[in-house]
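Trainee: Could we go through this model together?
Mentor: Certainly; please bring up the sequence and the structure.
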Amino acid sequence: MKDLLRLRTSLTEEIENLLNEQVKREAVSSSAYLAMASWCDQKGYDYSADHFYKQSGEEREHMLKLFKYINDVGGKAISPDLPAVQQDFESLKSVFETALEHEISITQSINMIVDRCYKAKDFTTVNFLQWFLNEQIEEEYIARRALELFDVIGEEGVGTFMIDKQVKNLKYEG
């Protein structure tokens with residue numbers, strides 16, 4: 001029976017499992033960014049809170065895009081169980097450091113899936129994942145620019161609140 005079901009999809013079992021794992025990573029990302037937004041909101045970093053609320057929503061959209069793709073090509077998308085995410089942070093800078101580390105891990109994960117797709121000659125999924133690779137350029141760029149604000153402005157005095165105000169201006173125009 002399992003072989004008959006596999007004939008109804010162009011996804012290999014390995015690629016389907018990897019895509020479902022990526023669905024979970026995107027869901028965890030959404031949850032993590034929501035926790036960051038809440039922390040920033042509680043500390044009065046309104047612009048950073050808005051940034052992370054927006055990021056949380058985008059990550060959920062990414063999760064849904066992957067989820068729908070799996071089902072659209074005849075696979076079985078799995079709604080993930082989510083682990084607890086970090087709720088407290090040492091500083092605004094540590095929030096952005098965590099965000100950058102997270103984005104780098106997502107990029108590495110998508111790169112690994114694309115590599116496996118090439119090995120499986122699943123060029124349809126490679127084509128689908130290209131959008132995610134392009135999106136990761138923007139995600140990492142903005143997180144890096146945010147961290148550079150800490151180096152340029154500094155955290156002394158009202159520096160952190162000045163950094164917060166600059167976060168709203170961060171965008172990728174590549």
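Mentor: Let us begin with a definition: the expected span of a helix is 1.5 Å times one less than its number of residues. Please keep in mind that this is a predicted model.

Trainee: How far apart are the end C-alpha atoms of helix 4?
Mentor: They are 41 Å apart. Helix 4 covers residues 92–119, which is 28 residues, so at 1.5 Å a residue it should span 40 Å, and the two values agree.

Trainee: And what is the sign of phi at Lys121, which follows helix 4?
Mentor: The phi of Lys121 is positive, near 55 degrees.

Trainee: Staying with helix 4, which residue forms a salt bridge with Asp115?
Mentor: Lys119 does, and the closest N and O atoms are 3.0 Å apart. Asp115 and Lys119 are four residues apart in helix 4, so about one helical turn separates them.

Trainee: Are those two residues buried or exposed?
Mentor: Asp115 is partly exposed, with a relative accessible area of 36%. Lys119 counts as exposed because its relative accessibility is 64%, and the cut-off for exposed is over 50%.

Trainee: How many salt bridges are found in the whole structure?
Mentor: A search of the whole structure finds seven. One of them joins Glu21 to Arg25, with the closest N and O atoms 3.7 Å apart. These two residues lie four apart in helix 2 (residues 13–43), so they are separated by about one helical turn. Glu21 is partly exposed at 39% relative accessible area, and Arg25 is partly exposed at 28%.

Trainee: What about Asp72 and Lys68, what distance separates N and O there?
Mentor: Their side chains meet in a salt bridge at 3.1 Å, N to O. Both residues lie in helix 3 (residues 46–72), four residues apart, about one turn of the helix. Asp72 is exposed, with a relative accessible area of 54%.

Trainee: Changing topic, how many aromatic pairs does the structure hold?
Mentor: The structure holds 11 aromatic pairs. Among them is the pair of Trp131 and Phe132, which is edge-to-face, with 5.0 Å centre to centre and 85 degrees between the planes.

Trainee: Why does that angle count as edge-to-face?
Mentor: Because planes over 60 degrees apart are counted that way, and the angle between Trp131 and Phe132 is 85 degrees.

Trainee: Is each partner buried or exposed?
Mentor: Trp131 is partly exposed, with a relative accessible area of 35%. Phe132 counts as buried because its relative accessibility is 2%, and buried means under 20%.

Trainee: Which charged end sits over the ring of Trp131?
Mentor: That of Lys65, 4.0 Å from the ring centre. In another such arrangement, the charged end of Arg145 sits over the ring of Tyr141, 4.5 Å from its centre.

Trainee: And which residues form an aromatic cluster?
Mentor: Tyr33, Phe52, Phe96 and Phe150 form one cluster.

Trainee: One more topic, the surface. Which residues make the nonpolar patch of about 370 Å²?
Mentor: Val152, Ile153, Val158 and Met162 make it. Met162 is placed in helix 6 (residues 159–167).

Trainee: Why is Met162 counted as partly exposed?
Mentor: Because its relative accessibility is 43%, and partly exposed lies between the cut-offs of 20% and 50%.

Conventions. Residues are numbered from 1 along each chain as its sequence is written. This is a predicted model: local features need pLDDT of at least 70, side-chain atom pairs count only at pLDDT 80 or more; totals for chains, interfaces and linings use all residues. Side-chain values use heavy atoms; hydrogens and water are left out. Patches are made of residues with over 30% relative accessible area and no salt bridge: like charges are joined within 9 Å, nonpolar side chains (Val, Leu, Ile, Met, Phe, Trp, Tyr) within 5 Å. Accessible areas come from the Shrake-Rupley method with a 1.4 Å probe; for residues, only the protein chains shown count as cover. A salt bridge is a side-chain nitrogen of Lys or Arg within 4 Å of a carboxyl oxygen of Asp or Glu. Buried means under 20% relative accessible area, exposed over 50%, partly exposed in between (1.4 Å probe, protein chains only). Rings of Phe, Tyr and Trp (its six-membered ring) pair if their centres lie within 6.5 Å; planes under 30 degrees apart count as stacked, over 60 as edge-to-face and the rest as tilted. A charge sits over a ring if NZ of Lys or CZ of Arg is within 6 Å of the ring centre and within 35 degrees of the ring normal.
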